Each structure stands twice: as C-alpha cells, then as structure tokens.
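Please open the model in a viewer and keep a selection panel at hand. The stops below move from open spaces to enclosed ones, and then to individual side chains.

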Amino acid sequence: MNYETKVLTTKYQKPDAYGALSMPVYYTAAFEFPDAKAMSDAFCGRSMAPSYARIANPTVTYLEERVRQITGAQSVTALNTGMAAIHYALTAVSGAGLNIVASKHLFGNSVSLLRDTLGAFSVEVRFADFTKTEEVEAQIDDKTCALFFEIITNPQLFVADIKVLSEIAHRKGVPLIADTTIVPFSTFHANELGVDIEVVSSTKYISGGGTGLGGLLIDYGRYDWSQHPSPVLQARTKRVGKKLAFTARVKTELITNLGSLMMPQAAYMETLGLDTLDIRFRRQAETTLWLAQQCRELPEIKRVNYTGLEDNPFYELSTRQFGQLPGAVFTIDLESKEAAWAFIDNLQVIRRATNLFDRKSLAIHPASTIFGLFTPEQCAEMSVPDTTVRLSIGLEDKSDLLEDIKQALRIKL
C-alpha cells in the first residue's frame, strides 16, 4: 500500500471496546494484570503488554507502530522531544574511549550535546564537513562508533551525499545515523539510501501545528551490531541477535533508566498529524519553492538559499535524494544583522518564533537565537552568518506571504 493508505489503516494493538476510529488517549500511570505471571511477563519483556507508563503506553505504542508500518523499519521509539531522540541514538552507540564523527554543520543544541554533554563522559567528537566525504572518511578509526549528520543542514541548507556516506560507513563497519527532520518520511526514504538509524523531531511536520513536542528514533535493522566497537552492544548481540542489539538497549535500558517516553497526549496529536502529513507537506513545500523564486527578484535580498532552486550548488544532489520539494524552509540574507532584525520586526503575517513546519509561517534570526551562545568565530566555522533569516513556510496563501515579505523590506507595493 502507498503512504496515505498505510497510515490510515494501521490497526490498534487491541480492538477498542467502543470501536473508536481514533486511538484513545490512555492517561494512566499503571496497568492492571490478570495474574502474577502476566505481570512478570510484561516487566521482563516476554509480552507486549505495557508494564508501567514510564516504559510503555498504548497510545504511544500505536504511534510507533504507525510509523513502523510507513517506514518499513524494524522498530520505532517515540520520545518526548527530538533532542531526546538524538540523545538516545548517540548514547546507545557510544561510550568512554569511543568517538563519533559528526557534521560540523548541525543544529546548535546537537553541537552542544556532542561537544559538552557526551564530551563530559569521555566520548570524543570529531567534527567534519560532511559535504566532503574524503574528510569524513579520514576521521574514522577502529574506535568510531557512529557517523552523525543532518540530511539538509539547519540553517545552512547544505546537502551531503547519503549513498556515498553509507558506503563509507558500512565499509568501515560504522553505523550511519541521520537527522532527517527537514524532509518527512512520506517523501524521503532513508532506508533506501543506506541510513541505519533515523532520528526525527516529530514536533515539526508530524505534529503539524506546534501542538506538542516529540521525537522518533527509527531502527531499520540494517546494521550488524556484533562488529560495533561498543562492548555493551556486542554483549547484547549474544542475547538478542546482531540486528536487534540497538533496539534492545534503547527499549529495555535507556527508556527504563532515563525515562523520556513520549506523553500519550502528544502521541495522540501526532497520530492525527500523520493523517494529513503528506498533503500538508506538499502544499508547504510548493509554496516555499515559489516564494524562494520570487524573493530572488527583490534587490533588498542579497541571497536566497533553497536547494530546490536550479542554480543552488546542491540542486542536483538534492533533487536526486529528495525530489523536487526538498523541505519547507529557506533562508534569505540581507545586507547586515541590523537589516535582518528590522525585517523580522516588520513582519505582520509571518510569526516571529522558533520551530519548523508549523501550519503558520515562522521567521527567526539563527545567529542570535539558536546559535546565540556560540562565539562569532564558532558561528563562522559553522557557516551561520548574522545576515541570515530563516523562514519556515506554513499553509497561508502564498501571495499574502510574499506581500508580507515585501512590506517587511519596506518595498512599495
């Protein structure tokens, strides 16, 4: 079945007593069992029954199963934020004495997680330009536990060759972990390009309206964890097999001990969001491409950056990997930071807010917000100039959005 049919026909784990067409929200901390054996089986993983809401919840499990059906993944874990999904993915594969080769063009908090949080636990991070695959390969050694990158970087909008990265990673025996938030899995199929572990901020496209926070950790069951340098994962392969070790560590250790399972209300809202994900994305991305084309005609804008534009340096690679609609975000550069701030202050339809892929269009100045705690030198190294404004495009009429951009630039209408 195609995406739209799959997402609308995934069955519940158990039939609903009232035949509800939407999975009910199970707001409960604990679940009653018929006998001691059933309780033991749930707590020890011998059954799929939820043991305790910190570890599993039927509403959350249904969202996970829907995403698993859509993506063809081995397993899906729904967490309470996208950052939690990144944290779990990298924590599951890393350990003291191991290293992660990561893109130097990452979302600001991803950089902080790698450099500061994991670094404090003696995990080495080696940053590289993932658009230069020879630079990535040169950083890999026998202690490398993962390659981590964004398929289209935020906000630089750089595109890496995923197939080449996959070939390098698998030749070296290293799992490839990708943050794919910027293009939804209704359009982009990470597994087909060789991604082993996919992380998604479901707060974005899936939520569909900034209604709640969430993150998804998707394991495609591609990687042989018996060859991984982590002794913890190697030991798990002896108990659960060489394809399930990562999922087993996430599901039975990290969720139990760290407790970041998605809340049931958020899972319910995101389940509803999945129903309209593809149609919303296509409308937003089509508007984004049109706006980016129109903005190139405005002299006050010094540069328009969108990989769907034919003169973009990543256009060919982007089109090959993501098709004609590579996301619903683009950036513009103005003559100065002051001009960028004035533009944002003048907006009347587009909202001044962070987040991506809300139903409403949003504008932000990345250098002074998302990257505001980095030095100017660090921002320059990560290609985040203070002249850039990031625009996430929503569902408003495209002509109204263009008029808002023009008036914010103080162009005579």
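Begin with the largest pocket of this predicted model, which has a volume of about 1400 Å³. Of its 47 lining residues, select S47, M48, A49, A56 and T61, the closest to its centre. Next colour α2 (36-43), α3 (58-71), β1 (75-79), α8 (231-240) and α9 (245-258), each of which supplies at least two residues of this lining. By class, the lining of the largest pocket comprises 25 nonpolar, eleven polar and eleven charged residues.

Remain with α2 for the next selection. At its N-terminal end, show D35, which acts as a cap: a side-chain oxygen of D35 lies 3.3 Å from the backbone nitrogen of K37. Following α2 is G45, with a positive phi near 75°. Within the helix, display K37 and D41, which are four residues apart, about one turn of the helix. Their side chains form a salt bridge, with an N to O distance of 2.8 Å. Are these two partners buried or exposed? D41 counts as buried because its relative accessibility is 13%, whereas K37, with a relative accessible area of 59%, is exposed. Add R46 to the selection to see a network of salt bridges that links K37, D41 and R46.

Move now to the second largest pocket, which holds about 530 Å³ of space. It is lined by 24 residues, and those nearest its centre are M83, F107, N154, S201 and K204. Two or more residues of the lining come from each of α4 (82-93), α5 (108-118) and β6 (197-201). The lining of the second largest pocket has ten nonpolar, ten polar and four charged residues.

Keep S201 and K204 selected, for they also belong to the lining of the largest cavity. The other residues to add there are T180, T181, V183, P184, F185, V200, Y205, I206 and L277. The largest cavity has a volume of about 60 Å³, and its lining consists of seven nonpolar residues, three polar and one charged. How many cavities of 30 Å³ or more does a search of the whole structure find? There are two. For the second largest cavity, with a volume of about 50 Å³, select lining residues including S103, H105, D129, F130 and E150. Its lining divides into five nonpolar, four polar and two charged residues.

Return to Y205 and select R280, in helix α10 (residues 264-295). The R280 side chain reaches the backbone oxygen of Y205 at 3.0 Å. R280 is buried but has no salt bridge; D358, the nearest side chain of opposite charge, is 8.3 Å away.

Also in α10, display D278 and R282, four residues apart. These two form a salt bridge, with the closest N and O atoms 3.0 Å apart. D278 is buried at 7% relative accessibility, while R282 is partly exposed, with a relative accessible area of 37%.

Continue past α10 to L298, in the loop between α10 and β8 (303-305). L298 is buried, because its relative accessibility is 8%. Select I405 as well: L298 and I405 are 107 residues apart in sequence, yet their C-alpha atoms are 9.8 Å apart in space.

For the last stop, select E167 and R171 in helix α7 (residues 162-171). Their side chains meet in a salt bridge at 2.7 Å, N to O, one of 18 in the structure. R171 is partly exposed at 46% relative accessibility, and E167 is partly exposed at 42%.

Note on methods:
Residues are numbered from 1 along each chain as its sequence is written. This is a predicted model: local features need pLDDT of at least 70, side-chain atom pairs count only at pLDDT 80 or more; totals for chains, interfaces and linings use all residues. Side-chain values use heavy atoms; hydrogens and water are left out. On a 1 Å grid over the protein atoms alone, a cavity is a set of points where a 1.4 Å probe fits but cannot get out, and a pocket is an open set with protein on both sides within 12 Å along at least five of seven lines; lining residues have an atom within 4 Å of a point. Grid points are joined across faces, edges and corners, and a volume is the space filled by probe spheres set on the points. Ala, Val, Leu, Ile, Met, Phe, Trp, Tyr, Cys and Pro count as nonpolar, Asp, Glu, Lys and Arg as charged, and the others, Gly among them, as polar. A polar contact is a pair of N or O atoms within 3.5 Å; within protein, one must be able to donate a hydrogen and the other to accept it, and residues adjacent in sequence count only if both atoms are side-chain atoms. Buried means under 20% relative accessible area, exposed over 50%, partly exposed in between (1.4 Å probe, protein chains only). Lys and Arg count as positive and Asp and Glu as negative; His and the chain ends are not counted. A salt bridge is a side-chain nitrogen of Lys or Arg within 4 Å of a carboxyl oxygen of Asp or Glu.
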